[in-house]
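This briefing covers helix packing, strand pairing and a few single residues in one model. The points are grouped by topic.

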Amino acid sequence: MSDPSLLPPVAVFGLGIIGSRAADHLATEGYPLRTWSRSARERDDFEADPLAAASSADLIALYLKDVPAVRDVFERIRSALGSGKTLINHATVDHATTEFLVEECAKLGCDFLNAPFTGSKVAAGNAALVYYVGGKAETLERLRPFLETTSSQIMEVPSPAAATVLKLTTNLITASTVQALAEGLKLTQANGISPETYLAAINPNACASALASMKVPSMAAGDFEAHFSLSNMLKDARYMLDLAERADLETPGIANTAEQMQRRNDLGEGEEDFSILFRQFELKA
Ligand SMILES: NC(=O)c1ccc[n+]([C@@H]2O[C@H](COP(=O)([O-])OP(=O)(O)OC[C@H]3O[C@@H](n4cnc5c(N)ncnc54)[C@H](OP(=O)(O)O)[C@@H]3O)[C@@H](O)[C@H]2O)c1
């Protein structure tokens, strides 16, 4: 633990799967901490007023869900943002919201880093997130020890917008891979082959991945406890499709996976893990 008197005060917004675990690590490290979430939490550091939480902090970290959450919270804390403050966005948002945060922070004289991440519930619990960070190099260097409290790797990328594009396009592979794994698992089961044998066949193949090793057993077991929720992967897919539209491209793979996710979401499964895509075949039963 560092000397708390040397650490800047921090406010964490969004105590969901990732933000709650990030806040725990920051508290353990000794950062003076206030936390805020839309629904109250039983934490000593919880502050019910978002503006008070932001006003108390030099570093304001957002682990919020999506575009509406980030834009709403930004407006609620806007008057606390200015010189001497740094806003760090960790939420996966769309391109337009990334540019909005860059421009508004510049107008307010507030430093800004866009730092979406890869790594799920387990990585967050192990302080092993990987941040894709876009922003001024000197801001990143100043915040490096802070970011290292919750991460195992920090990847500097060319710009805040590039961080969003890289986050979304890597998630595109994750969503599409789970869609493919779900189809493959269902087809192997329909042919009397066990999930263990399927995974054993995948592992020496070039298509092997940590994702396959995680999701084939959990899908086969019907374990859909959220590491990354379906509703969050669905909103990311929408932001991916928006990226495609901005580039005047058609991306039919992710468009179809988004449609399958929308169907499950409409059935009330949004807070389950996104691998609940495996249930899509039940619609044809
Ligand atoms: N989980 C992962 O594996 C993972 C991996 C990479 C990136 N991410 C990204 O990281 C971010 C956080 O992920 P997560 O898994 O921790 O999400 P989560 O569990 O769904 O938590 C989302 C947080 O946002 C808050 N929220 C939702 N809607 C809101 C609104 N309209 N206004 C204000 N607050 C709102 C929730 O508040 P309450 O709960 O208090 O209502 C909660 O604290 C997301 O952008 C996600 O895409 C997640």
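In this predicted model, helix 7 (residues 160-190) packs against helix 9 (residues 210-221) at an angle of about 50 degrees, and their axes are 10 Å apart. Helix 7 also packs against helix 8 (residues 195-202), here at an angle of about 125 degrees and with the axes 9 Å apart. Strand 7 (residues 129-135) is taken up after the helices, followed by three single residues.

**Helix 7 with helix 9**

- An angle of about 50 degrees falls outside the ranges for roughly parallel, roughly perpendicular and roughly antiparallel, so the two helices count as oblique to each other.
- The crossing in which helix 7 passes helix 9 is right-handed.
- Helix 7 contributes Thr174, Thr177, Val178, Leu181, Ala182, Leu185 and Gln189 to the contact, and helix 9 contributes Leu211, Ala212, Lys215, Val216, Met219 and Ala220.
- Sorted by class, this contact of helix 7 with helix 9 holds nine nonpolar, three polar and one charged residues.

**Helix 7 with helix 8**

- Helix 7 and helix 8 meet at an angle of about 125 degrees, which makes helix 7 oblique to helix 8.
- Helix 7 and helix 8 cross in the right-handed sense.
- On the helix 7 side the contact is made by Leu181, Gly184, Leu185, Thr188 and Gln189, and on the helix 8 side by Pro195, Tyr198 and Ile202.
- The classes in the contact of helix 7 with helix 8 are five nonpolar, three polar and no charged residues.
- Leu181, Leu185 and Gln189 of helix 7 appear in the contact with helix 9 and also in the contact with helix 8.

**Strand 7 and its partners**

- Strand 7 is largely enclosed by the rest of the structure, because six of its seven residues are buried.
- Strand 5 (residues 111-114) pairs with strand 7 in the antiparallel sense over two bridges; leucine 113 has glycine 135 of strand 7 as its bridge partner.
- Strand 6 (residues 117-118) is likewise antiparallel to strand 7, with two bridges between them; phenylalanine 117 is the bridge partner of tyrosine 131 in strand 7.
- Strand 8 (residues 151-156) runs parallel to strand 7, and five bridges join the two.
- Methionine 155 in strand 8 stands opposite tyrosine 132.

**A buried threonine in helix 11**

- Threonine 257 is located in helix 11 (residues 252-269).
- The relative accessibility of threonine 257 is 3%, so this residue counts as buried.
- Apart from neighbours within four places in sequence, threonine 257 is in contact with Ala175, Ser176, Gln179 and Leu277.

**Positive phi outside glycine**

- Most residues other than glycine have a negative phi.
- Alanine 127 is not a glycine, yet has a positive phi of about 55 degrees.
- The loop between helix 5 (121-125) and strand 7 holds alanine 127.
- Alanine 127 has a relative accessible area of 18%, under the 20% cut-off, and is therefore buried.
- Aspartate 248, also not a glycine, has a positive phi of about 60 degrees.
- Aspartate 248 sits in the loop between helix 10 (230-246) and helix 11.
- Is aspartate 248 buried or exposed? At 73% relative accessibility, aspartate 248 counts as exposed.

How values were computed. Residues numbered from 1 in each chain as written. Predicted model: local features only at pLDDT ≥ 70, side-chain atom pairs only at ≥ 80, totals over all residues. Heavy atoms only, no water. Axes fitted to C-alpha atoms, helices over the stretch in contact; angles between N-to-C directions. Helix = DSSP H or I, 4+ residues; strand = E, 2+ residues; numbered from the N terminus. Parallel < 35°, antiparallel > 145°, perpendicular 65-115°, else oblique. Left-handed = near helix turned anticlockwise from the far one by under 90°. Contact = heavy atoms within 4.5 Å. Nonpolar A, V, L, I, M, F, W, Y, C, P; charged D, E, K, R; others polar. Buried < 20%, exposed > 50% of the residue type's maximum accessible area, 1.4 Å probe, protein only. Pairing = 2+ DSSP bridges.
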